[in-house]
Amino acid sequence: MNSPSPHHEDDEHEDEVFLEESDIIEEINVDEEELVDADDDDEEDEQGGGEFMDEADDSLHTFTGHTGELYTVTCSPTDASLVVTGGGDDRGFMWKIGQGDFAFELQGHTDSVSSLAFSSDGQLLASGSLDGNIRVWDITSGGLKGTLEGPEKGIEWVRWHPRGHVVLAGSEDSSIWMWNADTNAFMNTFLGHAGSVTCGDFTPDGKLICTGSDDATLRIWDPKSAQSIHVVRGHPYHTEGLTCLAISSDSTLALTGSKDGSAHIVNIITGKVVTSLSAHTDSIECASFSASAPWAATGGMDNKLIIWDLQQSLPRSTCEHPDGVACLLWLGQYKYVATGCVDGKVRIWDSRSGECVRTFSGHADAIQCLAASSNGEYLVSVSIDETSRVFEIAEFN
């Protein structure tokens, strides 16, 4: 009877040793990995790096349908919950804030979806791709209305006429194209740029077109004749390619930013440079006019958001970031500016004081684009971390 007892104890002893060893080894390995990740996150946060998804997440909705980097986002002008995102997985997705089970895939592109835009009545959506095509979608049916073809290289941007179903797009092949989206009919091409057309739009009154290019020029066009009315180039204008363009609400001024770190304001009617804004020390990535004051905002890879007093052509506020400012958006009544940063954070700035009043965490990598819902309650960001996130901004209207 003595022999089974020690044998039983040995079993127990062996079992305990076996379990302890394996458990400890596994636990230590997992703990170490988690600690390394946590340390990495902390280090990155201290250095201005992105917070990871298991860190603080201030978003109220995360869209994870994409399988590649995201480049573009737009919100419906008529449905405050409807969002469309596009990216490097060659797909667009239509989805709704707060409705995780609703997602409609925009299929058919064969390269990255680089630009998205709703018509002003919210009835149609245009998706532009690096495959050189634009696909137009009927929002009510969710169906493809037509494919607009013509450019030989990728689409850089897509815009709609402010009062009609007319689509305008700029291409890497240095051309600009215009189509009637109701009939899928080609209307005009605008030729003259000597480099990729990186930015462009109709004036808000719909009477003219402004386009900026890698060739360091701004062109102002007549949409009907497709003739170039003004070409803005040379001193005192940009010395390197244009990256961004904004047009004032009264259709008289164009604000452009460039790789050379300069921003200029051009009188659209005369084609003359009226103001030069010098303070950035690296490429300007985004620019926008305030609609409620004679101010403008620019963001750049020098880690700065600058709020400009346009009457004095001087910085009103300089808002320092830990990394480059990729995109910006004036919010609500134009008191606040939202920025998307390479560090993965979305920040809200008081344009009057220059103070950062809110930092939204959640993304794990650089923010590429921002859009606001039509009711002003939600800010939607897209990132190269393959997600889109929604943040509540009602208090900043």
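This passage describes selected strands and annotated repeats in a predicted model.

The UniProt record, an unreviewed entry, carries the feature "repeat: WD" at several places along the chain. The annotated ranges are residues 63–105, 106–147, 148–189, 190–231, 277–318, 318–359 and 360–397. Over residues 360–397, the chain is 47% strand and 0% helix. The C-alpha atoms at the two ends of this stretch lie 16 Å apart.

Strand 22 covers residues 284–289. Five of its six residues are buried, so strand 22 is largely enclosed by the rest of the structure. Here, buried means under 20% relative accessible area. Strand 22 pairs with strand 23, which spans residues 295–300. The pairing is antiparallel and runs over five bridges. Within this pair, Ile284 stands opposite Gly300 of strand 23. The connection between strand 22 and strand 23 is a hairpin of five residues.

A further group of strands forms an open sheet. Four strands take part, in the order 26-27-28-29, and their pairing is antiparallel. Strand 26 (325–331) and strand 29 (356–360) are the edge strands. Each edge strand pairs on one side only. From one strand to the next, the twist averages 20 degrees.

Strand 26 has strand 27 (residues 336–341) as a partner. Six bridges link strand 26 and strand 27 in the antiparallel sense. One of the paired positions involves Leu331, whose bridge partner in strand 27 is Tyr336. As a general point, side chains in a regular strand alternate between the two faces of the sheet.

Conventions
Residues are numbered from 1 along each chain as its sequence is written. This is a predicted model: local features need pLDDT of at least 70, side-chain atom pairs count only at pLDDT 80 or more; totals for chains, interfaces and linings use all residues. Side-chain values use heavy atoms; hydrogens and water are left out. Buried means under 20% relative accessible area, exposed over 50%, partly exposed in between (1.4 Å probe, protein chains only). Two strands pair if DSSP finds at least two bridges between them. UniProt positions are given in the numbering used here, feature names are shortened, and annotations may be inferred rather than shown by experiment. Axes are lines fitted to C-alpha atoms, for helices over the stretch in contact, and angles run from 0 to 180 degrees between N-to-C directions.
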